[in-house]
Protein chains: 2
Amino acid sequence: MSHLPGVRQARKQKTRQALLDAALELLEGQSLSSLGLREVTRAAGIAPTAFYRHFRSVEDLGVALVEEALGSLHPMIRTTVSTIGDGEERIARAIDLIVGHVDAYPAHVRFVTRERHGGVRPVREAIHGQLGLFTAEVAEALAADAVSAGWSREDVLMLAQLYVDLMLGTASLLLEGAREWERVSRVAARQMRLIGIGRAHWLDQPDGGG
Amino acid sequence: MSHLPGVRQARKQKTRQALLDAALELLEGQSLSSLGLREVTRAAGIAPTAFYRHFRSVEDLGVALVEEALGSLHPMIRTTVSTIGDGEERIARAIDLIVGHVDAYPAHVRFVTRERHGGVRPVREAIHGQLGLFTAEVAEALAADAVSAGWSREDVLMLAQLYVDLMLGTASLLLEGAREWERVSRVAARQMRLIGIGRAHWLDQPDGGG
DNA sequence: CCGTACGGAGAACAGTTGTTGACTGCATGG
DNA sequence: CCATGCAGTCAACAACTGTTCTCCGTACGG
């Protein structure tokens with residue numbers, strides 16, 4: 001199929017990456033639906049027409065950005081959430097994961113939180129799909145715990161959704177108020193703890209598992 | 001100051017409202033940062049230059065939209081969250097409030113959830129401000145419950161934030177999958193129930209109120 | 001009842017946008 | 001080694017953008 005070095009394809013993916021990087025940087029101050037094709041190519045240092053060699057439209061580039069921002073996150077999620085130990089240990093790991101990721105890839109995080117409810121349908125759907133995968137992975141890990149005995153599949157998923165949404169919300173707060181990261185992560189930890197307590201007592205209620 | 005009838009001011013606010021309505025409709029398919037001034041005036045049926053008689057820029061109009069979308073919501077929140085009765089009663093009321101509001105003002109809800117993390121700073125800040133007020137109001141109501149005895153102010157706020165975020169997330173899900181409103185509201189109810197359980201057992205932990 | 005202030009229309013401006021077609025140079029594969 | 005394919009450039013296009021300045025009609029306040 002493709003030769004290993006491929007001087008040709010290497011150059012192509014290089015400028016493709018330049019387009020993605022330029023777009024991501026421009027998106028720090030605006031939404032994808034207002035991002036112009038020429039704007040991106042100008043920032044990437046290539047001619048406007050060359051854009052079409054890589055993407056059909058800016059929407060298309062947006063979908064590729066979703067893959068770049070979220071695709072490589074699955075292994076990290078898995079290893080973090082499947083940590084053994086008490087709840088506090090897991091919470092600390094999760095918070096560290098979020099803070100570290102926001103710190104390492106702020107533009108990616110901003111892009112995802114912004115376009116999750118943004119004005120470009122295909123991008124929204126791509127993000128929603130990836131988050132659905134995350135939710136399923138978290139649910140799988142949660143189901144393996146002893147506390148989840150007797151839980152319905154749907155309830156484990158609703159719990160996982162709670163966690164995933166909380167993590168995204170926390171990431172967004174960390175982005176906006178970078179100077180308050182201590183307070184934000186402390187609140188997030190307490191919210192996770194409270195959810196964990198609710199989880200532990202879920203089946204105490206008469207219709208808890210209904 | 002202003003005469004009661006004011007044929008002049010009435011006409012002005014009429015076209016001002018036409019601008020807001022037109023913008024809101026156009027925003028169903030795009031983000032605010034890509035909304036053009038001419039686009040809005042065209043949809044509102046007035047000349048582009050007349051726009052400046054009402055707003056200094058599209059950003060400005062966006063901030064006004066935040067006020068329109070969220071400003072009138074405070075009394076509803078207050079009366080809903082201060083319902084007396086057991087937790088289930090309150091949860092049902094809250095879900096009804098959300099579903100009813102999304103059904104009655106879908107464009108407003110879409111605007112808020114989209115621009116909450118959108119690309120226009122002043123609008124983001126206006127939304128954040130309003131949501132902060134909501135959180136404070138919910139916190140006040142929660143603090144009045146017997147279960148909140150011994151809670152720190154900060155913890156009541158973190159609980160309120162959890163509820164507010166959950167309500168917004170639910171509203172957004174209701175918007176996207178209008179056909180699944182039953183499933184979505186059932187999951188949301190269970191999430192609120194779980195949070196309520198965590199709340200009830202919060203002080204069971206040795207360092208719960210720390 | 002009249003002068004004025006104000007909401008709105010119109011024309012014009014320099015820029016920018018997405019997309020097209022034809023062209024160039026070079027790595028590739030036979 | 002040569003012909004092909006493909007990344008990238010350039011020029012041009014009609015359409016659109018935000019903003020300014022000038023003008024018009026009319027409700028308003030004295």
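This passage describes how DNA strand D is surrounded by protein in a predicted model, and how chains A and B are related to each other.

DNA strand D is surrounded by 20 residues, of which A:Arg8, A:Arg53, A:His54, B:Leu37 and B:Arg38 are the closest. The residues of this surface comprise six that are nonpolar, seven that are polar and seven that are charged. Among the secondary-structure elements, helix H1 (7-26) of chain A, helix H1 (7-26) of chain B and helix H2 (37-44) of chain B each contribute at least two residues to the surface near DNA strand D.

On the side of the nucleic acid, sugar or phosphate accounts for 47% of the atoms of DNA strand D that lie within 4 Å of the protein, the rest belonging to bases. Individual polar contacts involve both parts of the strand: a base oxygen is found 2.3 Å from a polar side-chain atom of A:Arg53, whereas a phosphate oxygen lies 3.0 Å from an N or O atom in the side chain of A:Thr15. In chain B, a polar backbone atom of B:Val7 is placed 2.8 Å from a phosphate oxygen of DNA strand D.

With regard to the arrangement of the protein copies, a turn of 180 degrees, with a shift of 0.0 Å along the axis, lays chain A on chain B with an RMSD of 0.0 Å. This is the relation of a two-fold axis. The same surface serves both copies, in that 100% of the contact residues of chain A recur in chain B. Within chain A, the residue that comes closest to the rotation axis is A:Gly198, the C-alpha of which lies at 1.7 Å.

Technical notes. Residues are numbered from 1 along each chain as its sequence is written. Chains are lettered from A and ligands numbered from 1 in the order in which they are written. This is a predicted model: local features need pLDDT of at least 70, side-chain atom pairs count only at pLDDT 80 or more; totals for chains, interfaces and linings use all residues. Side-chain values use heavy atoms; hydrogens and water are left out. A residue is near a molecule or strand if one of its heavy atoms lies within 4 Å of it. A polar contact is a pair of N or O atoms within 3.5 Å; within protein, one must be able to donate a hydrogen and the other to accept it, and residues adjacent in sequence count only if both atoms are side-chain atoms. Helices (H or I, at least four residues) and strands (E, at least two) are DSSP runs, numbered from the N terminus. Ala, Val, Leu, Ile, Met, Phe, Trp, Tyr, Cys and Pro count as nonpolar, Asp, Glu, Lys and Arg as charged, and the others, Gly among them, as polar. Copies are superposed by least squares on the C-alpha atoms of residues with pLDDT of at least 70 in both. Contact means heavy atoms within 4.5 Å.
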